[in-house]
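Here is a friendly walk through a protein model, with its rings, its empty spaces and two loop residues as stops. Please keep the structure open as you read.

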Amino acid sequence: MSTKIKDTDFLYLTSMLRAREARMLSAERLERLLDAPDYEETAKLVGESGYPDMSGMTAEEIDNALGEYRTDVFRELEKNSFCVPLLDIFRIKYDYHNIKVLVKAMAANSEGDHLLSGSGRIPVPKLTEAFITGERRDLPDSMKDAVSRAVGILSRTSDPQLSDIDVDRHYYRELRDLAEKIDLDFISGYVSLLVDSANLRTVVRTLRMKKDADFLKKALFEGGSVRPDRLLGVSSDGEGLKELFASCILEKAAELGLEALGGGTLTRFEQECDNAVIRYLGKAKLVSFGMEPVVAHLASIEAELMSIRMILTGKLCGISPEIIRERLRTSYV
């Protein structure tokens, strides 16, 4: 059964978010950040766009500050009950991220508190307690299963990558379920694109590392426009990859992936996978009000946080603006 949400519920919210976009980081503003003489001046400029003062912060502190900013955005929008299903499309990623962290911390008998995110649906203390006590009945069914399977896989194989892949499988499955309940083509297309992008990256990375077909089969997810069985038909040198994504939004990414398999860099390929998502979100600019602009805004905030983190940590480490620029994604605004 789909969640019934009316576009008219979003009249005021759409106007508010579009007004806020005027403060977001356009390509021109990103260039200003890159051209700033040092980290402190860059942090000051970031603050002018409504972000917290990150002057004097370490890389870990930057990450925490940006994570808290994201969480605050979610909390503010959560006050509008009709926004909750849309927020969950973005929040569940952090639930499953936290599962990965806790599973590996438990296996290593260590603490991973500094890696946990407060941006998920499930409060960190509640999820942590579920791990400690083994009492998981209050968790969503998909998360309960993800925890049990991840613990079992890591215990049997001692391979955290296999454990992470299984957690991701649960994530994409629940993400598809959430999109189906909302029942909006724009959101379904967005989720399908996320799966396609993840699968395309997996194929390219797996073939570059010369891992076998059995590993690739385990690492691919259902729910994209290109079925996993078709991706398994791509040859070890990438033949057939470009054709699978021909005439779709990931076509250029597939071409760059093929170049990467021939010895080219992965940087442009990874960048184009993310840029394709930004281009897809641009469709929301044609919608006057409704769910589409809210989803696009949330996704663009995520992309902007990635760019800010990349620039600030790059400046902190003394990386040249030219190298940082090569890795930046397209701005939504």
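The report below covers aromatic pairs, charges over rings, a cavity, a pocket and two residues in loops.

## Aromatic pairs

Please bear in mind that this model is predicted. Searching the whole structure turns up 7 aromatic pairs. In one of them, the ring centres of Phe90 and Tyr190 are 5.9 Å apart and the planes meet at 35°, so the pair is tilted. This pair links distant parts of the chain: Phe90 belongs to helix α5 (residues 84–107) and Tyr190 to helix α9 (residues 185–208), with their positions 100 residues apart. Phe90 is buried, with a relative accessibility of 5%, and Tyr190 is buried as well, at 6%.

How are the rings of Tyr171 and Tyr172 arranged? Their centres lie 4.7 Å apart with the planes at 50°, so this pair is tilted. Tyr171 and Tyr172 are both buried. They also belong to one aromatic cluster, which Tyr96 and Phe221 complete.

## Charges over rings

Two places to look for a charge over a ring are Phe131 and Phe215. Arg136 sits over the face of Phe131, 5.9 Å from the ring centre. Lys211 sits over the face of Phe215, and here the distance to the ring centre is 4.2 Å.

## The cavity

How many cavities of 30 Å³ or more are there? The count comes to 1. The largest cavity holds about 90 Å³ of space. Its lining is made up of Met24, Leu25, Leu30, Ser300, Ala303, Glu304, Ser307, Arg329, Thr330, Ser331 and Tyr332.

Helix α15 (residues 291–316) supplies the largest share of that lining, with 4 residues. By residue class, the lining of the largest cavity has 5 nonpolar, 4 polar and 2 charged members.

## The second largest pocket

The second largest pocket encloses about 210 Å³ of space. Around this pocket you will find Arg20, Arg23, Met24, Ser49, Gly50, Tyr51, Tyr69, Val73, His297, Ile301 and Glu304. Two elements, α4 and α15, each give two or more residues to the lining. Of these, α15 has the largest share, with 3 residues.

The lining of the second largest pocket divides into 5 nonpolar, 3 polar and 3 charged residues. If you compare the two linings, Met24 and Glu304 appear in the list for the cavity and again in the list for the pocket.

## Ser49, a residue of the pocket lining

Ser49, which helps to line the second largest pocket, lies in the loop between α3 (39–47) and α4 (59–78). Is Ser49 buried or exposed? Its relative accessible area is 11%, so Ser49 is buried.

Leaving aside residues up to four places away in sequence, Ser49 touches Arg23, Leu25 and Arg29. Arg23 is itself on the list of residues lining the second largest pocket, while Leu25 is on the list for the largest cavity.

## Leu220, a buried loop residue

Leu220 is in the loop that runs between α10 (213–219) and α11 (228–231). With a relative accessibility of 3%, Leu220 counts as buried.

Which residues does Leu220 touch, not counting those up to four places away in sequence? They are Arg169, Asn199, Thr202, Val203, Pro228, Leu231 and Leu232. Lys315 gives a further reference point: Leu220 and Lys315 are 95 residues apart in sequence, and their C-alpha atoms are 35 Å apart in space.

Notes:
Residues are numbered from 1 along each chain as its sequence is written. This is a predicted model: local features need pLDDT of at least 70, side-chain atom pairs count only at pLDDT 80 or more; totals for chains, interfaces and linings use all residues. Side-chain values use heavy atoms; hydrogens and water are left out. Buried means under 20% relative accessible area, exposed over 50%, partly exposed in between (1.4 Å probe, protein chains only). Contact means heavy atoms within 4.5 Å. Rings of Phe, Tyr and Trp (its six-membered ring) pair if their centres lie within 6.5 Å; planes under 30 degrees apart count as stacked, over 60 as edge-to-face and the rest as tilted. A charge sits over a ring if NZ of Lys or CZ of Arg is within 6 Å of the ring centre and within 35 degrees of the ring normal. On a 1 Å grid over the protein atoms alone, a cavity is a set of points where a 1.4 Å probe fits but cannot get out, and a pocket is an open set with protein on both sides within 12 Å along at least five of seven lines; lining residues have an atom within 4 Å of a point. Grid points are joined across faces, edges and corners, and a volume is the space filled by probe spheres set on the points. Ala, Val, Leu, Ile, Met, Phe, Trp, Tyr, Cys and Pro count as nonpolar, Asp, Glu, Lys and Arg as charged, and the others, Gly among them, as polar.
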